[in-house]
Structure formats: C-alpha cells, structure tokens
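Let's take a stroll through a protein model, one piece at a time. Have the structure open while you read.

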Amino acid sequence: MTTSRLSVDTLDDGAIQRVSLGGSKGNVLDTPLIEELTGVFNAAAAARDLKAIVLEGQGAHFSFGASVREHLPELVGTMLPRFHVLMRALVDSATIVLAAVRGQCLGGGLELVTLCHRVFAAPQAMFGQPEIVLGVFAPVASVALAGRVGRRDAEDLCLSGRSVSAAEAAAMGLVDEVADGDPAEAALAYARQHLLPKSASSLRFAIRAVRADLRARLATELPVLEQLYLEELMATTDATEGLTAFMEKRRPNWTNT
C-alpha cells in the first residue's frame with residue numbers, strides 16, 4: 001500500500017511490514033498522516049502472521065514531529081487526542097515495532113520512537129523533545145520516556161528541549177543500535193534473525209506481558225496530561241506565543257503567563 005503520506009511494504013510472506021512515513025519534507029505528523037498510521041497499527045493487531053513492523057521516514061529524516069500549525073488553539077483540540085489514539089494503537093497492536101532513524105527525530109516523532117520496541121539509528125541521526133522551546137510540553141514523553149532512558153535523562157530532554165546525537169542517545173538507552181549502514185536494513189536483519197523463527201501468536205502474548213505496565217500507564221495517565229494540556233496550558237499566553245513565534249520564525253516574547 002502506498003499513499004502520498006505512507007508506504008507499507010509486506011515482506012517475508014507477511015511476517016514483516018516496512019512502513020515509511022512521508023507527505024512532507026520532514027515527514028510531519030499532521031492529522032491525515034496520524035490517521036493513516038493509526039490504521040496501520042489497527043490492522044496489524046489482526047494480522048495473524050505479522051511479527052514485526054520496521055518504521056522509518058522517507059527521505060533524509062525520520063520526522064520533524066507533529067504539525068506545529070495543528071498545535072494552535074483552534075486545531076489542537078482535534079489533533080492531540082488523535083495523536084494519542086495513534087500512540088495507544090501502536091501499543092495495543094501487540095506487534096513488535098522496530099524504529100529505523102535517519103536525520104532528525106523530533107517532538108512527536110521521538111514520542112513515536114520512544115514507544116517502539118527497539119531503535120536503530122544512523123550515526124548522524126539527531127533526537128530531541130523540543131516542545132518546551134515552543135512553550136508547550138510532550139504528554140506521551142512525559143509518561144513513557146523515563147521508562148526507556150531513566151528519569152534524569154527524560155527530564156533533561158523534556159525540560160531543556162535540546163537535541164542529542166545518536167551516540168549520546170545510545171549512551172542513555174534511547175537508541176539500541178547505531179548502525180554502520182542503513183538503519184532500516186539493520187532493523188530487518190534483527191527481525192529476520194531474532195523474530196522470524198518465533199511463533200507470531202506467542203510473540204503477541206509476550207508483548208502484552210512485557211508491556212502491561214506501559215499500557216496501563218498510557219491508559220490512566222495520558223488522559224490526565226491531555227486535559228492539562230488542552231484546558232490549562234493552552235489557556236496561557238505563552239503557549240500561543242511560543243507556537244506563533246515558531247511559525248513566524250522569530251524569537252518568542254515570553255510574559256510568563
């Protein structure tokens with residue numbers, strides 16, 4: 001299946017899917033792409049023979065993150081809940097997802113990668129959770145990132161907004177393997193060596209078991225943070241100012257209100 005925003009190739013007699021994000025220069029996760037990708041994970045949950053999804057970005061980057069325009073007050077009430085539905089669909093699919101990261105992996109793109117089971121990166125890849133630079137915060141990262149990298153590094157990434165190299169990301173546990181070549185090929189090799197010999201049915205039970213805590217936390221904590229974001233954060237002056245300043249390519253004028 002190929003659309004202007006998403007490419008899905010089925011490999012190894014249905015045991016692997018290679019899913020490529022597209023639709024824009026930085027593979028921005030706008031609402032149409034979010035909905036298409038949600039459909040991929042919903043279908044994966046019912047695909048009897050599927051053992052792994054390799055998730056990558058088309059072109060030079062993985063993703064610049066969710067659409068900044070759709071974070072503005074008049075659109076975020078629609079976009080953010082749909083983005084969170086996507087995150088839960090990934091976890092609920094009970095399918096192993098292997099991220100292959102080239103170039104920039106930022107914001108909502110990094111939240112998506114954080115929920116993947118294993119992350120393969122090109123040496124030049126960069127990872128960042130820069131929402132705070134725009135005056136907002138990352139709900140999914142706030143719930144899930146510490147489970148991958150520990151609280152110290154999760155808070156560093158979420159509160160500083162800085163980007164880290166593939167090497168630093170590997171040192172903190174965000175990246176599992178820095179590939180010598182194409183990270184997607186490294187992810188495919190991992191899947192073929194370690195996952196294809198296993199029962200697809202048994203893998204799904206194992207995924208449900210090892211992710212029971214994460215699934216429960218997303219179900220209980222993410223709605224609370226979504227409400228905090230939409231009802232309180234977006235009522236502040238600085239949230240709108242930060243997003244608007246980014247779109248206007250200028251420095252924000254913070255009022256601390």
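Here is a look at a sheet, a helix and a pair of cysteines in this predicted model.

Start with the sheet. It is an open one, built from six strands in the order 1-2-3-4-6-9, and the pairing is mixed. Strand 1 (6-11) and strand 9 (177-178) sit at the edges; each has a single partner strand, so one side of each has no neighbour in the sheet. Further in the list come strand 3 (residues 52-57) and strand 4 (residues 96-101), which run parallel and are joined by five bridges. One such match links isoleucine 53 to its bridge partner in strand 4, valine 97. As background, strands in a sheet pair through backbone hydrogen bonds, either parallel or antiparallel.

Now for helix 4 (residues 139-149). Eight of its 11 residues are buried, so to speak tucked under cover. Among them are Pro139, Leu145 and Arg148. What do the buried residues of helix 4 pack against? Their neighbours include helix 2 (73-92), strand 6 (118-121) and helix 9 (212-232). Right after helix 4 comes glycine 150, with a positive phi near 90°.

Last, the cysteines:

| Cysteine | Relative accessible area |
|---|---|
| Cysteine 105 | 0%, buried |
| Cysteine 116 | 0%, buried |

Why is cysteine 105 not bonded to cysteine 116? Their sulfurs are 8.7 Å apart, which is too far for a bond, because a disulfide needs the two sulfur atoms within 2.5 Å. The disulfide count is zero.

Terms used:
Residues numbered from 1 in each chain as written. Predicted model: local features only at pLDDT ≥ 70, side-chain atom pairs only at ≥ 80, totals over all residues. Heavy atoms only, no water. Buried < 20%, exposed > 50% of the residue type's maximum accessible area, 1.4 Å probe, protein only. Helix = DSSP H or I, 4+ residues; strand = E, 2+ residues; numbered from the N terminus. Contact = heavy atoms within 4.5 Å. Pairing = 2+ DSSP bridges.
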